[in-house]
Amino acid sequence: MKIVAKRPESLTETRYHYCPGCTHGIIHRVVAECMDELNIREQTIGICPVGCAVMAYKYFNCDMIEAAHGRAPAIATGLKRTQPDNVIFTYQGDGDLASIGMAEIVHASARGENITVVFVNNAIYGMTGGQMAPTTLLGQVTSTSPYGRKIEQEGYPIRMAELLAQNEGSSYISRVAVNKPANVAKAKKSLKKAFNNQINKKGFSMVEILSTCPTNWGMNPLDALEWLEDKMIPYYPLGEFKVKED
Amino acid sequence: MSKVLMKGNEALGEGALIAGCRSYFGYPITPSSEIAEYMAKKLPKLGGAFVQAESEVSAINMVYGASSAGKRVMTASSGPGISLKQEGISFLAEGELPSVIVNISRGGPGLGGIQPAQSDYFQATRGGGHGDYHIMVLAPASVQDMMDFAIEGFELADRYRIPVMLMAEGTLGQMMEPIIVREPVTDFYDKSWATTGCKGREPNIINTLHLPQDEIENRNIYLANKYKEIKANEKRAETFMTEDAELVVVAFGLMFRIVKRAVIEARKQGVKVGLIRPITLWPFPDEHIKKAAETAKRFLSIEISMGQMVEDIRLAVNGKVPVDFYGRIGMTPNPEEITQQLLLVAEKEGA
């Protein structure tokens, strides 16, 4: 019998704690598949965020570090500068990366740190119970924007991929989504490019991944996938925003 | 061994290099900046890593990253910057990540001033960040100590897997003295816990999250036991003329040297005064204080602050004899001023 799909070696057997319909599981899997296919598991060090993926260190079958909120790019800097032959990735949510960790991510990008950033954008704070994130869409209701996000009250949602693409130090910046199989395949391709970029010492790479949060969005998983398509993608367009030429 | 003239901050940087530190992450602040400048100049030539971080918060997390890989790593700052580093220091303490953190201290609170002070004593010895933790704190009193304690700091950090703080007043960072350049200490420390890629072993995890209630309690009990071990092994102090002293003065760092001159002068004037210098501020050398309290009639804490270490002295003396305090901030008291204070306190006691 030919095996066509199996658990990636770069994932442990531990069962995920994520809510039903959450796409963190898909994202973990494609990251792990990239590690398997590039044969880098034994040299990779992953850095987990504060937020829903706080326990990612239990799921990835490689050396892992749990970071304080937003600080993963700084930890990655300290690691990469002292261990340049390791492959370093950070795995961060939108509250972690775009709010409290804004300085760390912008400066890691500006310095051109040779790391790979997996940025999971679900437009809300998940772990803390559905509060407004910097990426929360205009009009979106959250527990701290109960009347819907308004420009005059909360300002505009931040487009991180476009923002970081402006930095000369950024080498590869893309935005993908994991709401349907074709997009998952594109997400994997992009992540693989981001890891390869690091292996080839090209500098800072970030893949922003549009993700769902059915629990805090107050939707069933299928509606959440549709909401991602209908509401998120128009504001957060998919594509490559920076591909640095050699 | 060679004798050289060096500035305190540079001697500290050189001590770190002698100890095998090859990575430094920092953010400039007066009066500590020469440490970053020294490392920026030296580390690239030694194949090491220097990054000027975007903030103190980032710098301490870069330390976290390098220490996770098992490297000897240092950062330095002054009061306001150390406040920003407290989040990271709490994480380093819980992650048991060896590291050396330098506070070339100045007066606060707030931006305060850039004159030397000892008013970060509480912050250094009480944790400073969140949670039940301690770091080791060494207080140099000379430019020689700046070099020696940097070397020793890395040894202690690796021995106990703990962040070690060197806390020196701005004056010590800025002044020049002749020093003997030390030899490196070459103890081997097992770092099989480090995250360096899992080739040939199970993955290593550096983590500070403990959600189950028994796990967080056990973790804190484990750390508390480690702190007990450090308290049992590492309390350090220097004593001067305490054997027959009726008045015992306690002073650390720069203040120790100033008070020492005042003690000699007061002795000439017939006052039976002695001096204890805590070298480790945490663990606090309370046994030295207790021993002196068996014969002394009165204690006096002299600090460049409004009174912080005096509380540790009172805890150690435990009500046996009175403990007075004298301190200035902004101004560093000179030996004449201290001599006057010693005579005043001695008169009060009738010594």
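This report walks through the nonpolar cores, cysteines, aromatic pairs and two loop residues of a predicted model.

**Nonpolar cores**

Let's start with the inside of the structure. In soluble globular proteins, nonpolar side chains tend to be buried together. Here, the largest nonpolar core holds 117 residues, and the ones with the most contacts inside it are M206(A), M74(B) and F299(B). Its biggest contributor is helix α6 of chain B, residues 143-160, which supplies ten residues. Two domains of chain B take part in this core: domain 1 (3-193 + 207-234) and domain 2 (237-346) each provide at least three residues.

If you would like to look at one of these core residues, M206(A) is a good place to begin. Leaving aside neighbours within four places in sequence, M206(A) is in contact with L97(A), V117(A), F119(A), M160(A), A161(A), L164(A), Y172(A), I173(A) and S174(A). Another core, of 36 residues, lies apart from the largest one, and Y18(A), C22(A), C48(A) and V54(A) are among its members.

**Cysteines**

How many disulfides are there over all chains? The count is zero. Two cysteines of chain A illustrate this. A disulfide needs its two sulfur atoms within 2.5 Å. For C48(A), the closest cysteine sulfur is that of C62(A), 8.7 Å away, so the distance is too great for a bond. For C62(A), the closest cysteine sulfur belongs to C198(B), and at 6.5 Å this is again too far for a bond. Both residues are hidden from the surface: C48(A) is buried with a relative accessible area of 0%, and C62(A) is buried with a relative accessible area of 0%.

**An annotated span**

The unreviewed UniProt entry annotates residues 50-209 of chain A as "domain: Thiamine pyrophosphate enzyme TPP-binding". In the model, the end C-alpha atoms of residues 50-209 of chain A lie 17 Å apart, and the span is 35% helix and 19% strand.

**Aromatic pairs**

Over all chains, the structure holds eleven aromatic pairs. Two of them are set out here.

| Pair | Centre distance | Plane angle | Geometry |
|---|---|---|---|
| Y16(A) and Y18(A) | 5.6 Å | 55° | tilted |
| Y227(B) and W282(B) | 5.8 Å | 85° | edge-to-face |

The Y227(B) and W282(B) pair links distant parts of the chain, with Y227(B) in helix α8 (residues 213-234) and W282(B) in strand β13 (residues 280-282) of chain B, 55 residues apart. Both Y227(B) and W282(B) are buried. As for the tilted pair, Y16(A) is partly exposed at 32% relative accessibility, whereas Y18(A) is buried at 13%. Elsewhere, F60(A), F89(A), Y91(A) and F195(A) come together as one aromatic cluster.

**Two loop residues**

Is T208(B), in the loop between β9 (205-206) and α8 of chain B, buried or exposed? At 18% relative accessibility, T208(B) counts as buried, because the limit is under 20%. Not counting residues up to four places away in sequence, T208(B) touches E66(A) from chain A, along with Y64(B), F91(B), E94(B) and G95(B).

In chain A, G203(A) sits in the loop between α7 (181-199) and β6 (204-210). G203(A) is buried, with 6% relative accessibility. Beyond residues up to four places away in sequence, G203(A) touches G112(A), E113(A), N114(A), I115(A), S171(A) and N197(A). The C-alpha atoms of G203(A) and T116(A) are separated by 8.5 Å, while the two residues are 87 apart along the chain.

Key. Residues are numbered from 1 along each chain as its sequence is written. Chains are lettered from A and ligands numbered from 1 in the order in which they are written. This is a predicted model: local features need pLDDT of at least 70, side-chain atom pairs count only at pLDDT 80 or more; totals for chains, interfaces and linings use all residues. Side-chain values use heavy atoms; hydrogens and water are left out. A nonpolar core is a set of buried Ala, Val, Leu, Ile, Met, Phe, Trp, Tyr and Cys residues joined through side-chain atoms within 4.5 Å. Buried means under 20% relative accessible area, exposed over 50%, partly exposed in between (1.4 Å probe, protein chains only). Helices (H or I, at least four residues) and strands (E, at least two) are DSSP runs, numbered from the N terminus. Domain bounds come from an automatic or database domain assignment. Contact means heavy atoms within 4.5 Å. UniProt positions are given in the numbering used here, feature names are shortened, and annotations may be inferred rather than shown by experiment. Rings of Phe, Tyr and Trp (its six-membered ring) pair if their centres lie within 6.5 Å; planes under 30 degrees apart count as stacked, over 60 as edge-to-face and the rest as tilted.
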